[in-house]
Amino acid sequence: MAEPTRIVILGGGFGGAYLAQSLQKLGRRCDLEITIIDRNNFFVFYPLLVEAGTGSIEPRHCTVPIREFARSSELLMAEVKDVDLPGREVICRLIGDDADRRVAFDHLVVALGSVTRILPEHIVSGVREHAFEMKHMTDAVAIRDRAIELLELANATDDLEEKRRLLHFVIVGGNVTGIEVIGELENFVRDATVQYAHLRREDCSFTVVEGAPSILSILPTHLHDWSRHNLEERGIVIRENLTVKEVHEDHVITSEDERIACSTVIWTAGIAPNPVLGQFKGFPLNNFGGLECEADYGVKGLDGVWGLGDCASVPGLDGKPMPPLAQIAIRQAPQLASNIIASIEGRPTKPADVHVQGILVPLGRHKGVAKLKGIRVEGFFAWAMWRAIYLMKTPGWRRRLRLMMDWFINLFCKRDYVQLGMIPASHREFHGQHRTGRMTAGSESPVDSE
Ligand SMILES: Cc1cc2nc3c(=O)[nH]c(=O)nc-3n(C[C@H](O)[C@H](O)[C@H](O)COP(=O)(O)OP(=O)(O)OC[C@H]3O[C@@H](n4cnc5c(N)ncnc54)[C@H](O)[C@@H]3O)c2cc1C
């Protein structure tokens, strides 16, 4: 009897997990053995990550268990270290183990996602030491824990200037993630002040620093103007055409040498392909560190090796690389699955044909902006659309039910302003000095607040 074709998928995130599902559906007539290798046994449903961080939803409800999602695939919970191209093996290390393992493949799919883009120290210093990211579940919860800690400290001080510094949050990067974070954070922190005898809503301040001429430049002019106006009305300061060149414990320095006193900096100024790709010998990478792929997702010059999602530079029909979005990765997955099956069966592959369907940005306080298939909407309707669409896109009816319950309960009950124990250890050590800290990227856990 012929051996099954071994397909190994590196990364069980949006791209990898949806690919495994598509292969299961399409590959019924082939004998496939599918293995996903991911450091986590779940993937994060990113569009809901900010809400999970600020307590609008239970953090576990924005995670999807890979085993449940891709039932007929094998999952190895392991850190991918390298790929031995001549030997056609992946080198990885099981989480909790200290020996390397080799996993053989006939076809390899690289879907290892992206990381926050942090510029070299000579361009922007102090980001790694002092800024938070918004990429992992631990980041989202750490920011919430940090905000609560600062509220407690600010409540305990009589020094007005210090109080204001403690409660000044600076977001660097005013595109979709940064604006979503500031919108929710402003809501969360200002609403929390009612619980503190010595704090007023006006003691809290929020600044967005954006290098481009406008925040949300991905949206049409009318929508980014509307968003700016909405956020400014809520007292959020928007600084455009400005960058940050130094991040310190208690202030940032801008490109105009202005010193802005603050105690929390959240870095959302872009993403970069997963740097682990740089360790894979023989893989073609572009200037940004992304995998160079052909239009059919095949990695350039490598037979039976494919790229998918944020880490892969796959040209769309217009010849430009497709943007790093979940909606793109999800729709790339079935196309790649049929190309892999075609390649196994000796048929020709097809070029990728995926484009952005729409952009939805929640601004907090039941407002949002959306551009969807030519329709432009702002205000409550855009926010409601955002919730409805992501509710429908959330995998599994049980998870959808839990989300609906979280949102329904929030209509009548206040959030719990409690820490979940995710504040970085470095910060705890320097508690008295209000030192900031940052969660390091890596293995993360869906936090249980119960
Ligand atoms: C806060 C936030 C909000 C977002 N909101 C939206 C939105 O509203 N709409 C939208 O379309 N997109 C959104 N995105 C973008 C979207 O999340 C990504 O484009 C999408 O996740 C890309 O899928 P992927 O499979 O390439 O990567 P991922 O989903 O990140 O999956 C990569 C997987 O690889 C694993 N991995 C990485 N390195 C290793 C290693 N060395 N060993 C083992 N496993 C590893 C990770 O654990 C992860 O599971 C958002 C992103 C963020 C951060």
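These legends accompany close-up views of a predicted model.

**View 1. Two domains and the contact between them.** The protein chain is divided into domain 1 (5-116 + 272-345) and domain 2 (127-269 + 358-433). Their C-alpha centres lie 30 Å apart. Domain 1 puts 21 residues into the contact, and domain 2 puts in 24 residues. On the domain 1 side, α2, β4 (63-65) and β9 (114-116) each supply at least two residues. Helix α2 gives the most to that side, with 5 residues. By class, the side of domain 1 that touches domain 2 has 12 nonpolar, 7 polar and 2 charged residues.

**View 2. The ligand and its shell.** The shell around the ligand holds 33 residues. Of these, G11, G13, G15, G113 and G309 come nearest. Five elements are named as giving two or more residues to the shell: α1 (14-26), β2 (32-38), α2 (49-53), β5 (74-84) and α9 (326-345). Sorted by class, the shell residues are 17 nonpolar, 11 polar and 5 charged. Domain 1 and domain 2 both give residues to this shell, so the ligand lies between them. Helix α2 appears here and also on the side of domain 1 that touches domain 2.

**View 3. Helix α8 and what covers it.** Helix α8 covers residues 221-233. Its 13 residues should span 18 Å at 1.5 Å a residue. The end C-alpha atoms are 18 Å apart, which agrees. Buried residues in α8 are L223, H224, W226, S227, R228 and L231. Their cover includes α7 (176-192) and β13 (236-239). Strands β22, β23 and β24 are also part of that cover. Just after α8, G235 takes a positive phi of about 90°.

**View 4. Helix α10, one face buried.** Helix α10 runs over residues 380-393 and has 14 residues. From its first C-alpha to its last it reaches 20 Å, close to the 20 Å expected at 1.5 Å a residue. Its buried residues are A382, W383 and W386. Seen down the axis of α10, these fall within an arc of 100°, so they line one face of the helix. They pack against β22 (358-364), β23 (367-372) and β24 (375-379). The face turned away from the buried side carries the exposed residues F380, F381, A388 and M392. Strands β22, β23 and β24 thus serve in two views: they pack against the buried residues of α10, and they help cover those of α8.

**View 5. Two loop residues with positive phi.** Most residues other than glycine have a negative phi. D257 departs from this pattern, with a positive phi near 60°. D257 sits in the loop between β15 (251-254) and β16 (259-261). It counts as exposed because 8 C-beta neighbours lie inside 10 Å. H366 is not a glycine either, and its phi is positive at about 60°. H366 sits in the loop between β22 and β23. It is exposed, with 12 other C-beta atoms within 10 Å.

**View 6. R6 in strand β1.** R6 belongs to strand β1 (residues 5-10). Is R6 buried, exposed or partly exposed? R6 is partly exposed, since 16 other C-beta atoms lie within 10 Å. Leaving out residues up to four places away in sequence, R6 touches E33, A104, F105 and D106. V189 is 183 residues from R6 along the chain. The C-alpha atoms of R6 and V189 are separated by 50 Å.

**View 7. R402 in helix α11.** R402 lies in helix α11 (residues 397-412). R402 has 17 C-beta neighbours inside 10 Å, so it counts as partly exposed. G96 is 306 residues away from R402 along the chain. The C-alpha atoms of R402 and G96 are separated by 31 Å.

Key: Residues numbered from 1 in each chain as written. Predicted model: local features only at pLDDT ≥ 70, side-chain atom pairs only at ≥ 80, totals over all residues. Near = placed C-beta within 6 Å. Helix = DSSP H or I, 4+ residues; strand = E, 2+ residues; numbered from the N terminus. Nonpolar A, V, L, I, M, F, W, Y, C, P; charged D, E, K, R; others polar. Domains from an automatic or database assignment. Expected span 1.5 Å × (residues − 1). Buried ≥ 20, exposed ≤ 12 C-beta atoms within 10 Å, placed from the backbone. Arc of directions from axis to C-beta. Contact = placed C-beta atoms within 7 Å.
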